[in-house]
Amino acid sequence: MTGFTPIISTIIAAFLASFVEVVEAFTIVLAVGVTRSWRPALVGAALALALLASLVLAFGPLLALVPITVLQFVVGVLLILFGMRWLRKAILRAAGVIALHDEEAAFSGETAVLHRQANDRRADYLAGVAAFKAVLLEGVEVVFIVIAVGAAHGQTLYASLGALAAFFLVMLIGLALHRPLARVPENALKFVVGLMLTSFGIFWTGEGIDAHWPGDDLALLAIFAIVALASFTIVRWLRSAYPAAIGGLAR
């Protein structure tokens, strides 16, 4: 894909998806730093980032050996599956069928666990492991998103820039506030990211099987609009079909 629109959409998709994952990882690292100490929090996070960087450097170049049509098809299918997973949860939360994710609750829960481990001689080790696991698990998703939205058309650099921008923005805001980013509209972000990843996946799967999209790259906008319309329709249907569940969540 060449042109300005695909580049912007790649950067936005990588930025939004990475922003959500970095917020979730930052919440755990912040809990470790505030509750225990910043040393195990930063050491655990740094080790996870180093491992992620090693994985990217080790396996990233291998993508160049894969034929572009095969890469487009495989990445497209994976993006559809990945995007639909995000979209499913975002739809259920938007409809009120399941509860919204709460960063304050996640922070409190992790803090409570760390307090219970305070008298353990391995407390610093366990705190560092918690930070390591959080950064590694969320980081793997960021790496996948960056590779997936960038590799199929040689835009990994743009996807990486979007992810880095999200990382630095979360770090700046989080460290300035010194608290979990509870006011971030996480479900709205996940909804948009789910729509974008699913749309990318459909587009690239089509290209992988040599489909000719009307309007070429502009077909992405049409696919996004169709997926968004279908998703919002499902949200409205769920709200009318499960009023009891929604009422229970409201209480």
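Student: Where in this predicted model is Asp 210 found?

Tutor: Asp 210 sits in the loop between H7 and H8.

Student: Why does Asp 210 count as exposed?

Tutor: The relative accessibility of Asp 210 is 55%. Exposed means over 50%, so Asp 210 counts as exposed.

Student: What is notable about the phi of Asp 210?

Tutor: Asp 210 is not a glycine, yet its phi is positive, at about 65°. Most residues other than glycine have a negative phi.

Student: What is the make-up of the protein in helices and strands?

Tutor: The protein has nine helices and zero strands. Along the sequence the pattern reads α-α-α-α-α-α-α-α-α.

Student: How do you know which element has the lowest mean pLDDT and which the highest?

Tutor: By the mean for each element: helix H9 (residues 243-250) is lowest at 48, and H8 is highest at 89. For the protein as a whole the average pLDDT is 77, and 79% of the residues score at least 70. Over residues 245-251 pLDDT stays under 50, and the model gives this stretch ten contacts beyond four places in sequence.

Student: What makes the contact between Lys 190 and Glu 24 a salt bridge?

Tutor: Their side chains meet at 3.0 Å, N to O. The cut-off is 4 Å between a side-chain nitrogen of Lys or Arg and a carboxyl oxygen of Asp or Glu, so the pair of Lys 190 and Glu 24 qualifies as a salt bridge. Lys 190 belongs to helix H7 and Glu 24 to helix H1, so the bridge ties together parts 166 residues apart in sequence.

Student: Are Lys 190 and Glu 24 buried or exposed?

Tutor: Buried means under 20% relative accessible area. Lys 190 has 14% and therefore counts as buried. Glu 24 has 15% and is therefore buried.

Student: How many salt bridges does the count come to?

Tutor: The count comes to two salt bridges. One of them joins the side chains of Glu 141 and Arg 85 at 3.4 Å, N to O. This pair links distant parts of the chain, with Glu 141 in helix H5 and Arg 85 in helix H3, 56 residues apart.

Student: Why is Arg 85 called partly exposed?

Tutor: Partly exposed lies between the limits of 20% and 50%. Arg 85 has a relative accessibility of 37%, so it counts as partly exposed.

Student: Which residues touch the most other members in the largest nonpolar core?

Tutor: Of its 45 residues, these are Leu 79, Trp 86, Val 149, Phe 191, Phe 200 and Trp 204. At least two residues of this core come from each of helix H1 (4-35), H3, helix H5 (123-151), helix H6 (156-177), helix H7 (186-208) and helix H8 (219-241). Another core lies apart from it and has twelve residues, among them Ala 45, Ala 127, Val 135 and Leu 136.

Student: Which residues is Trp 86 in contact with, leaving aside its neighbours within four places in sequence?

Tutor: Trp 86 contacts Ala 17, Val 20, Glu 21, Glu 141, Ile 145, Lys 190, Val 193 and Gly 194.

Student: Which residues make the nonpolar surface patch of about 640 Å²?

Tutor: The patch is made by Val 66, Val 70, Phe 73, Val 74, Val 77, Leu 78, Leu 81 and Ile 209.

Student: What lets Val 66 count as partly exposed?

Tutor: Val 66 has 32% relative accessibility, so it counts as partly exposed. A patch residue needs over 30%, and Val 66 at 32% therefore passes that limit too. Val 66 is placed in the loop between helix H2 (38-59) and helix H3 (68-95).

Student: Why does Gln 72 count as buried?

Tutor: The relative accessibility of Gln 72 is 7%. That is under the 20% limit, so the term applies. Gln 72 is in helix H3. From Gln 72 to Ile 209 the C-alpha distance is 8.6 Å, although the two are 137 residues apart in sequence.

Student: What class of exposure does Phe 168 have, and how do you know?

Tutor: Phe 168 has a relative accessible area of 49% and is therefore partly exposed, since exposed requires over 50%. Phe 168 is in helix H6. Its C-alpha atom is separated by 9.5 Å from that of Val 22, 146 residues apart along the chain.

Methods:
Residues are numbered from 1 along each chain as its sequence is written. This is a predicted model: local features need pLDDT of at least 70, side-chain atom pairs count only at pLDDT 80 or more; totals for chains, interfaces and linings use all residues. Side-chain values use heavy atoms; hydrogens and water are left out. Patches are made of residues with over 30% relative accessible area and no salt bridge: like charges are joined within 9 Å, nonpolar side chains (Val, Leu, Ile, Met, Phe, Trp, Tyr) within 5 Å. Accessible areas come from the Shrake-Rupley method with a 1.4 Å probe; for residues, only the protein chains shown count as cover. Helices (H or I, at least four residues) and strands (E, at least two) are DSSP runs, numbered from the N terminus. Buried means under 20% relative accessible area, exposed over 50%, partly exposed in between (1.4 Å probe, protein chains only). A nonpolar core is a set of buried Ala, Val, Leu, Ile, Met, Phe, Trp, Tyr and Cys residues joined through side-chain atoms within 4.5 Å. Contact means heavy atoms within 4.5 Å. pLDDT is the predictor's confidence in each residue, from 0 to 100.
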